[in-house]
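Hi,

Here is the structure I promised to send over. Have a look at it first, and my notes follow underneath.

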Amino acid sequence: MLGSRGFDLWADGYDKDVQLSEENDDYPFAGYKEVLNTIYKLVHKKEGARILDIGFGTSLLTKKLYDEGYEVYGMDFSIRMVEIARDKMPRVRLVEADISKGLPVEFEGLDFDYVISS
Ligand SMILES: C[S@@+](CC[C@H](N)C(=O)[O-])C[C@H]1O[C@@H](n2cnc3c(N)ncnc32)[C@H](O)[C@@H]1O
């Protein structure tokens, strides 16, 4: 299983790998768009919902939701993924943290309409 350092190293080439794997209907991202679309449609049941994305990566889905006016929050244990996502969404609260250690203090006391993870 890939640790945070592994994802740090993968981060800059991640979007390209997703695209190639999707196009070739190949491991590990065959069906990826379908998965993201399913989540995307689900959260649209509530306008302006507050969403926590755990493991947002390069923020392919998070950024789309953010651009549509959703109140998004995110956590990811890869510092490089966090940096990439922060560049795209400077005002979003994105925390570098490992979900296996629980929710970070930054999110304590917050209620979320949806918690997503892909
Ligand atoms: C395969 S990527 C998916 C990224 C994004 N959700 C997407 O669908 O494009 C998995 C992401 O989850 C993060 N991640 C994996 N294990 C995690 C953990 N225990 N805590 C926080 N983030 C984690 C990785 O750093 C990586 O950015």
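Let me start with helix α3, where Leu61, Thr62, Leu65 and Tyr66 are buried. Looking down the axis of α3, you'll find those buried residues within an arc of 135°, so they line one face of the helix. That fits the usual rule: an α-helix has 3.6 residues a turn, so residues three or four places apart point the same way. What do the buried residues of α3 pack against? They pack against α2 (32–43), β1, β2 and α4. Just after the helix ends, have a look at Gly69, which takes a positive phi of about 95°. Do keep in mind that this is a predicted model.

Next, the strands. β2 (residues 71–76) is mostly covered, with five of its six residues buried. On one side, β2 pairs with β1 (residues 50–54) in the parallel sense, over five bridges. If you want to check the register, Asp53 has Gly74 of β2 as its bridge partner, and Ile54 has Met75. Getting from β1 to β2, the chain goes through α3 (residues 60–67), and this β-α-β crossover is right-handed.

β2 also pairs with β3 (residues 93–96), again in the parallel sense, and here the count is four bridges. Tyr73 is the residue standing opposite Arg93 in β3. The connection from β2 to β3 runs through helix α4 (residues 79–88), and that β-α-β crossover is right-handed too.

There is one further pairing to look at, between β1 and β4 (residues 114–116): it is parallel, with three bridges. Leu52 stands opposite Val115 of β4. β1 therefore shows up in two pairings, since DSSP finds at least two bridges with each partner, which is what a pairing needs.

Now for the ligand. How many residues surround it? There are 15, and the closest are Phe7, Gly55, Gly57, Ser78 and Ser118. By type, the shell divides into eight nonpolar residues, five polar and two charged. Two elements you've already met come back here: α3 and β2 each supply at least two residues of that shell.

If you only have a minute, I'd open the view on α3: its buried residues pack against β1 and β2 among others, the helix sits in the right-handed crossover from β1 to β2, and α3 also contributes to the shell around the ligand.

Cheers

Terms used: Residues are numbered from 1 along each chain as its sequence is written. This is a predicted model: local features need pLDDT of at least 70, side-chain atom pairs count only at pLDDT 80 or more; totals for chains, interfaces and linings use all residues. A residue is buried if 20 or more other C-beta atoms lie within 10 Å of its own, exposed if 12 or fewer, and partly exposed in between; C-beta atoms are placed from the backbone. A crossover is right-handed if, with the strands pointing away from the viewer, the path from the first strand over the helix to the second runs clockwise. A residue is near a molecule or strand if its C-beta atom, placed from the backbone, lies within 6 Å of it. Ala, Val, Leu, Ile, Met, Phe, Trp, Tyr, Cys and Pro count as nonpolar, Asp, Glu, Lys and Arg as charged, and the others, Gly among them, as polar. The arc is that of the directions from the helix axis to the C-beta atoms. Two residues are in contact if their C-beta atoms, placed from the backbone, lie within 7 Å.
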